[in-house]
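Visitor: I should like to understand how the terms used for this structure are justified. Please set each value against its definition.

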Amino acid sequence: MELKNLDKIVALCKNRGFVFSGSEIYGGFANTWDYGPVGVELKNNIKKAWWKRFVQESPNTYGVDAAILMNPRVWEASGHAQGFSDPKMDCKSCKQRFRADNLIEDHSHGKVSAEAMTNEEMETYIAENKIKCPHCGNFNWTPIRQFKLMFETSRGTVDGEKDTVYLRPETCQGEYVNFLNIQRSARAKVPFAIAQIGKSFRNEITPGNFIFRTIEFEQMELQNFCKEATSFDVYEDYKKQAHQFLLDLNFKDDHLKFHDHDKLAFYAKAACDIFYLFPMGWSELNGIHHRSTHDLSRHQEFSGKSMQYVDPVTNEKFVPNVIEYSIGCDRLVLAVLCEAYDEETLENGETRVVMHLHPALSPYKVAVLPLQKNLSEKAKGILKTLSKEFMCDYDEAGSIGKRYRRQDEIGTPFCVTIDFDTLEDDTVTIRERDSMQQIRLKTNEIVSYINERIKF
Ligand code: ATP
């Protein structure tokens, strides 16, 4: 299978306003990224599609938007305060820092998993395979050391009396600490899920590959609270739903694969990821984990609050099991861009770059293009009407062919062209991105025509 070229996608993102380097005028700030006008639309549409599927259309699923800064005891209960670290190695020649497991996985193009390896095994593998520094090409490593991943900040106004607090490294603790609140206020019955979209922060050793691994990112995830007896059915069901969600967003099935974890956390009963064939090879896109009663039991222990649920029919009292489904929003943005990116050779021999985005995800649903400048008044009237319904773009610069190309590159599914006939009979040409076919429509038919074709 031919891999997409990441450099071309990064360049297009910068040129067309999907994603820029963070703090660029100051020389950037490594591995931070800012979403531009079309990027923010794409990202918001991805979040909307996810929320619609996993909250709006999912019975017994409740949303939450929890605080990023949490009581530090949360991170003791979750184990992050003690153990959230990665195995790092420094290149002694160029002083760059890398994650040992990533070095192995990148070197083997994802064929060897370092998940179950000890630090000693990783060091041996790196030595035996003479894995060189990806930055300077030398083979000159320090031994592996563990590297703390949580970002610290402090709370309090008086120096010397400040308390350390952490930027959350995962969103899911916000669901666990609200389990009782939501169960009570929504009168939720097990099995039920709590879903959240929000920012997480990880002081990653080897961020990189554009927005694949960053130090600040958004997660879209849910925790399903269920009985032990049905927990594996719930786990299998989320595997199916997670896969179907990606297929429905136009992912090709042979670009996706399930990967069962080689090594389970001591409390976990099952764990798998969905891998996507990114330009740099097969890599994790999302995870589905059976976390047993671990999370709620730990919060019960550390907070002193009972996390037991009483079954209203049987009166049975138990701490629910948790099934987690988690997908990185920025990582999904990258996967969506890679999957959609295409270079097509047209009949006239020219190449067109086109983003075959699912129309529900497209930043603009329609672009309004007056054929000539003196049609702009009519075109702007149509734009005003359409803008009440959709995000629209407007472009009157350059030949119509060039304008179509610009919209193809950002994945706009429809272009509406205003010509002199529009003034006579109130019709426009509407051109579809993928087929490039054009039809004539009455202006008052445009909204319903587009609405029917952009549903998710
Ligand atoms: P990885 O092995 O890639 O570091 P992980 O197994 O630590 O990921 P989880 O903690 O399960 O990831 O987080 C769930 C999802 O959040 C991941 O599947 C991924 O899509 C996303 N994610 C995790 N870390 C990052 C990051 N640093 N940058 C962007 N997205 C991330």
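Visitor: Which element gives the largest share of the shell around the ligand?

Guide: That element is β13, with five residues. Before continuing, please note that this is a predicted model, in which local features need pLDDT of at least 70 and side-chain atom pairs count only at pLDDT 80 or more, while totals for chains, interfaces and linings use all residues. Residues are numbered from 1 along each chain as its sequence is written, and side-chain values use heavy atoms, with hydrogens and water left out.

Visitor: What makes a residue part of the surroundings of the ligand?

Guide: A residue is near a molecule if one of its heavy atoms lies within 4 Å of it. There are 16 residues around the ligand, and Glu204, Arg213, Thr214, Glu284 and Leu285 come nearest. By class, this shell has three nonpolar, seven polar and six charged residues. Here Ala, Val, Leu, Ile, Met, Phe, Trp, Tyr, Cys and Pro count as nonpolar, Asp, Glu, Lys and Arg as charged, and the others, Gly among them, as polar.

Visitor: How do you know that the side chain of Arg213 makes a polar contact with the ligand?

Guide: A polar contact is a pair of N or O atoms within 3.5 Å; within protein, one must be able to donate a hydrogen and the other to accept it, and residues adjacent in sequence count only if both atoms are side-chain atoms. An N or O atom in the side chain of Arg213 is 2.5 Å from an oxygen atom of the ligand, so the pair qualifies. A polar backbone atom of Thr214 is 2.9 Å from a ligand nitrogen, and a polar side-chain atom of Gln219 is 3.2 Å from a ligand oxygen.

Visitor: Why is Arg433 called buried?

Guide: Buried means under 20% relative accessible area, exposed over 50%, and partly exposed in between (1.4 Å probe, protein chains only). Arg433 has 2% relative accessibility and therefore counts as buried. Arg433 is found in the loop between β22 and β23. A polar atom of its side chain lies 2.6 Å from the backbone oxygen of Leu357 and one lies 3.3 Å from the backbone oxygen of Met355.

Visitor: Why is Gly398 called partly exposed?

Guide: Gly398 has 49% relative accessibility, so this residue counts as partly exposed. Its place is in the loop between β20 and α13. Helices (H or I, at least four residues) and strands (E, at least two) are DSSP runs, numbered from the N terminus.

Visitor: How do you know that the buried residues of α13 are on the same side?

Guide: In α13 (residues 400-409), the buried residues are Arg403, Tyr404, Gln407 and Asp408. They cover an arc of only 145° around the axis, which puts them on the same side of α13; the arc is that of the directions from the helix axis to the C-beta atoms. The strands against which these buried residues pack include β18 (351-355) and β23 (438-442), where contact means heavy atoms within 4.5 Å. Just after α13, Gly411 takes a positive phi of about 80°.

Visitor: Is Asp295 buried or exposed, and what supports the term?

Guide: Asp295 has a relative accessible area of 4% and is therefore buried. This residue lies in helix α10 (residues 294-303). A polar contact of 3.5 Å joins the side chains of Asp295 and Tyr176. Not counting residues up to four places away in sequence, Asp295 touches Tyr176 and Val322.
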